[in-house]
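Visitor: I am new to this structure and would like a tour. Could you show it to me and then take my questions one by one?

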Amino acid sequence: KQEPNDRFRNEKQEPKEVDKQPSIGSPARIQKLIASQSDPLLAREIFDLASRQPNFRHSYATCHTLILKLGRSRHFSLMQALLSSLKSKDYSISPSLFTHIIQIYGDAKMPDKALKTFYTILEFNIKPLTKQLNCILEILVANNNFLRPAFDLFRAAHKHGVSANTKSYNILMRAFCLSGDLSIAYTLFNQMFKRDVLPDVESYRILMQALCRKSQVNRAVDLLEDMLNKGFVPDTLSYTSLLNSLCRKKKLKEAYKLLCRMKVKGCNPDIVHYNTVISGFCKVGRAVDACKILDDMPSNGCLPNLSSYQNIVGGLCNQGMYDEAKTYVKVMISKGFSPHFSIVHILVTGFCRIGKIEDACEVLCELLGHGNSPHTDTWAEILHTVCEEYNTEAMGDVLKQVLKVEIKPNTRIVDVGAALEEYLTKKIKTRDQGQLLQLRVDDGAYRLGFFYQFNLYL
């Protein structure tokens, strides 16, 4: 009889499992793992670890992701090493990779590296894109030392199969205009027509703004006419530059005509255009004409703003037209605008100097009634005038007594008039100050109120 142990010996024994090295994963898994890493150096270690696995080949997406991750974290040497390694591998490289690298160098203020990247594209037997050319040009011209290399690259671009477009010309034209080389900018502009590159509105604007900066406003206007004759519709910035230049040259008639022509030519004037012309008229002492422009604005689809009214009020005050200025102050306050303290000061001071104290008081009452506080200098000016109107010595004693009135920082009496008169009178009566009641309180309520507010805001 066979023993149990003999039975087990005769059975076929199963072979033992051989320990296998665990797989690191598929290329797609590695790509996701690298993309999810916030630490670029750790992502690089994962990349290298996977590369050492037998028969493992990274996908191009993995290389693309890691190159950009290293570049954006300023590990440029590691980025370039990985980029160079792609030359020996049969990858179909996307041109967008170089676009990103160029922009990375641009953000790092490294124009020389951006320029070198353009020639690296050629080393990979890839035809550079016009978009990449323009990106490099913008990076180069941002540094004055690289303006000439940018121009050289622009002129040689066609040798590498890259066609410059309108944006390419605009980038260089703007750069040369800002550097003061207006002649080169004009040469580039004329070359566009010879090379069948159609200029756009920006092309004309770049030259017009440059001409305006050099005070050659007549040439700028001629360029505008040429632009209109060729069927272009100037943008608002083009008109703004011309209107500013015309007003600086005090050619206000031409500026107003241009403002009127804008709507006819397909560009509705906006608040900046109107305020530019209004300010120009006010600066040369023609505030009345400026008022006409302001009054016509609503019918032309543009409502005046705070700056519009302040220019008008300031211009009228400079011409001594205080009553008209007061009217516009009331209008602007009624529309919810808070005038700058300098505008209020010049108006109140003007009224005080010509002896119209009641008008000055009316302006301040209007201001206080809407919760606005005049400047302390304005209070000082009107108080001086009030004191001059009465006996100075007597007023001096009275004002000293008013100073003794209990005034706390949180006291807020804004409505100067009957309420303020009653408040001050009661306070002073309780202290047996009969002198104050001898004043003409009925028509002096404004004055007492202003003195009270003066001390309050001081």
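Visitor: How many disulfides does a search of the whole structure find?
Guide: A disulfide here is a pair of cysteine sulfur atoms within 2.5 Å. This is a predicted model, where local features need pLDDT of at least 70 and side-chain atom pairs count only at pLDDT 80 or more, while totals for chains, interfaces and linings use all residues. Residues are numbered from 1 along each chain as its sequence is written, and side-chain values use heavy atoms, leaving out hydrogens and water. Searching the whole structure for disulfides gives a count of zero.

Visitor: Is Cys267 buried or exposed?
Guide: Buried means under 20% relative accessible area, exposed means over 50%, and partly exposed lies in between, using a 1.4 Å probe and protein chains only. Cys247, at 12%, counts as buried. Cys267 has a relative accessibility of 7%, so Cys267 is buried.

Visitor: How many helices does the chain have?
Guide: Helices (H or I, at least four residues) and strands (E, at least two) are DSSP runs, numbered from the N terminus. The chain has zero strands, and its helices come to 25.

Visitor: What percentage of residues 305-339 is helix?
Guide: UniProt, in an unreviewed entry, places the feature "repeat: PPR" at several stretches, including 270-304 and 305-339. Its positions are given in the numbering used here, with feature names shortened, and annotations may be inferred rather than shown by experiment. Residues 270-304 are 66% helix and 0% strand, with end C-alpha atoms 10 Å apart. For residues 305-339, the end C-alpha atoms are 11 Å apart, strand is 0%, and helix is 74%.

Visitor: Which backbone oxygen does the side chain of Gln319 reach?
Guide: Gln319 sits in the loop between helix 18 (306-318) and helix 19 (322-334), and is partly exposed because its relative accessible area is 33%. Leaving aside residues up to four places away in sequence, Gln319 touches Gly285, Arg286, Ala287 and Val288, where contact means heavy atoms within 4.5 Å. The C-alpha atoms of Gln319 and Gly285 are 6.6 Å apart, although 34 residues separate the two along the chain. At 3.1 Å, the side chain of Gln319 reaches the backbone oxygen of Gly285.

Visitor: Which residues does Leu228 touch, not counting those up to four places away in sequence?
Guide: Leu228 belongs to helix 13 (residues 217-229) and is buried, since its relative accessible area is 15%. The C-alpha atoms of Leu228 and Lys265 are separated by 8.1 Å, with these positions 37 residues apart along the chain. With residues up to four places away set aside, Leu228 touches Pro234, Tyr239, Arg261 and Lys265.

Visitor: How far apart are the end C-alpha atoms of helix 8?
Guide: The expected span of a helix is 1.5 Å times one less than its number of residues. Helix 8 (residues 130-141) has 12 residues, so it should span 16 Å, and the distance between its end C-alpha atoms agrees: 16 Å.

Visitor: How many of the residues in helix 8 are buried?
Guide: The buried residues of helix 8 include Leu133, Cys135 and Val141. Their cover includes helix 6 (95-107), helix 7 (111-123), helix 9 (147-156) and helix 10 (166-178). Helix 8 is mostly covered, and of its 12 residues the number buried is nine.

Conventions
A polar contact is a pair of N or O atoms within 3.5 Å; within protein, one must be able to donate a hydrogen and the other to accept it, and residues adjacent in sequence count only if both atoms are side-chain atoms.
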